[in-house]
Amino acid sequence: MKKESYFSSGEFAKMAQVTLRTIRYYDQQNILKPSYVNDSGARFYSEKDFAKLQQILLFKYLGFSLKEIREMTLDNFDCHFMLNSLAIQKKLIQDRIEQMRLIEQAIEDTASTLRTGKEVDWNQMRELIHLTAVEKSLKNQYQNASNISSRIQLHHKYSLNKQGWFHWLYEQCRFCGGETVLEIGCGDGTLWTSNQTRLPASLSVTLSDLSDGMLRDARRNLTENNIESRFTFIAADADALPFDDNSFDVVLANHVLFYCSNIAQVCKEIKRVLKPDGIFIASTYGRAHMQEISRLVADFDSRIVLSADKLYERFGKENGGAYLAPLFPHTQWLDYEDGLFVTEAEPLISYILSCHGNQNQYLLNRYGDFRSYVSQKVQHGFSVTKEAGIFIAKND
């Protein structure tokens, strides 16, 4: 018997303009399961399933494998996840449009050179080859953007300190105007878009990141807020900064140093580019940060580890001073007093799925059970410890 407002597999395939074989294959691969199966085993799909199919087909168009698509669309039946995912998909499409325009221009320039009998610039040809291979970076770009967005949303919605991390961090910089500023690992530029009305007119800010995709996101976000012209964007590795000595009054590294492979070298580079009496601000976590979430998932499945690396052990509240003291004798730690009180499952699950651990391996086939488990845990509110803050180091 057909359920009201549901479509049979054939109807669903026809309306989506894909083959029935494709729908059946996605079902077999656990990429797009039917919303309802009747007693006879007939499969039916809802209108919400069209939204998930849209995402699957888009990711396929962008070059992702079915295994990657399965992981990325795991949670997208919930409105919270879908809105977040659609926003990031829009960024990917914008990036692809921008890249295709560059390819078009490179092809036209090369063809024009050949038509006029001039010598071909083979460096330009190598750049064209590079551009046509950019899809290899799309998975990392999507995942980075998705992870950052998931974490920011959880903190923004449920933090007890309503000032917010980015407002607090900005205040600790104490900009007066006229400073030259470098942010290492700028991500999508949230620090600056969150504080755009507070920026001194004469502030000069250079945003650097190892990821070209993150720099594109930052440039796009700042452009949408009409402040892009005040920033410089440079792709750079933090352990070999492409800047002269004594270039900056302030260097910021917001939750970045624990990702660096050679933290000591990065600190040396930061000291080199800082002016005398310049300030280095590095944020990080303590060992108690978000510990309740790790216990939550471990209680569901003891095999799950949300992060193979404990970031606070690499550069954290407890040991970060040991890296800074030899280079910056005048260093102090400031706590950001905060916590989370989570009352909804979806943002918490989104955060968990964004972690750099093995959670997807064990949650992929048990997502429904896990969602019910988390929903029960947050039914009366779920408290989470936050232990974060900054080192402020003065350059002598």
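## Helix packing and an internal cavity

Helix H12 (residues 291–300) packs against helix H17 (residues 367–377) at an angle of about 130°, and their axes lie 11 Å apart. The model under discussion is predicted. Angles of 65 to 115 degrees count as roughly perpendicular and those over 145 as roughly antiparallel, and H12 and H17 are therefore oblique to each other. The crossing in which H12 passes H17 is right-handed.

On the H12 side, the contact is formed by Leu296, Val297, Asp299 and Phe300, which meet Asp369, Phe370, Tyr373, Val374 and Lys377 of H17. By class, this contact of H12 with H17 comprises 6 nonpolar and 3 charged residues, with no polar ones.

The structure also holds 1 cavity of 30 Å³ or more. The space in the largest cavity amounts to about 40 Å³. Its lining consists of Leu169, Glu183, Leu191, Leu252, Ala253, Asn254, Ile281, Ser283 and Ile390. Two elements, strand E7 (248–254) and strand E8 (274–285), each give two or more residues to the lining of the largest cavity. Strand E7 supplies the largest share of that lining, with 3 residues.

The class composition of the two sites is set out below.

| Site | Nonpolar | Polar | Charged |
|---|---|---|---|
| Contact of H12 with H17 | 6 residues | no residues | 3 residues |
| Lining of the largest cavity | 6 residues | 2 residues | 1 residue |

In the lining of the largest cavity, 2 polar residues and 1 charged residue thus accompany 6 nonpolar ones.

Notes
Residues numbered from 1 in each chain as written. Predicted model: local features only at pLDDT ≥ 70, side-chain atom pairs only at ≥ 80, totals over all residues. Heavy atoms only, no water. Axes fitted to C-alpha atoms, helices over the stretch in contact; angles between N-to-C directions. Helix = DSSP H or I, 4+ residues; strand = E, 2+ residues; numbered from the N terminus. Parallel < 35°, antiparallel > 145°, perpendicular 65-115°, else oblique. Left-handed = near helix turned anticlockwise from the far one by under 90°. Contact = heavy atoms within 4.5 Å. Nonpolar A, V, L, I, M, F, W, Y, C, P; charged D, E, K, R; others polar. 1 Å grid on protein atoms, 1.4 Å probe; cavity = no way out; pocket = protein on both sides within 12 Å on 5 of 7 lines; lining within 4 Å. Points joined across faces, edges and corners; volume = space filled by probe spheres on them.
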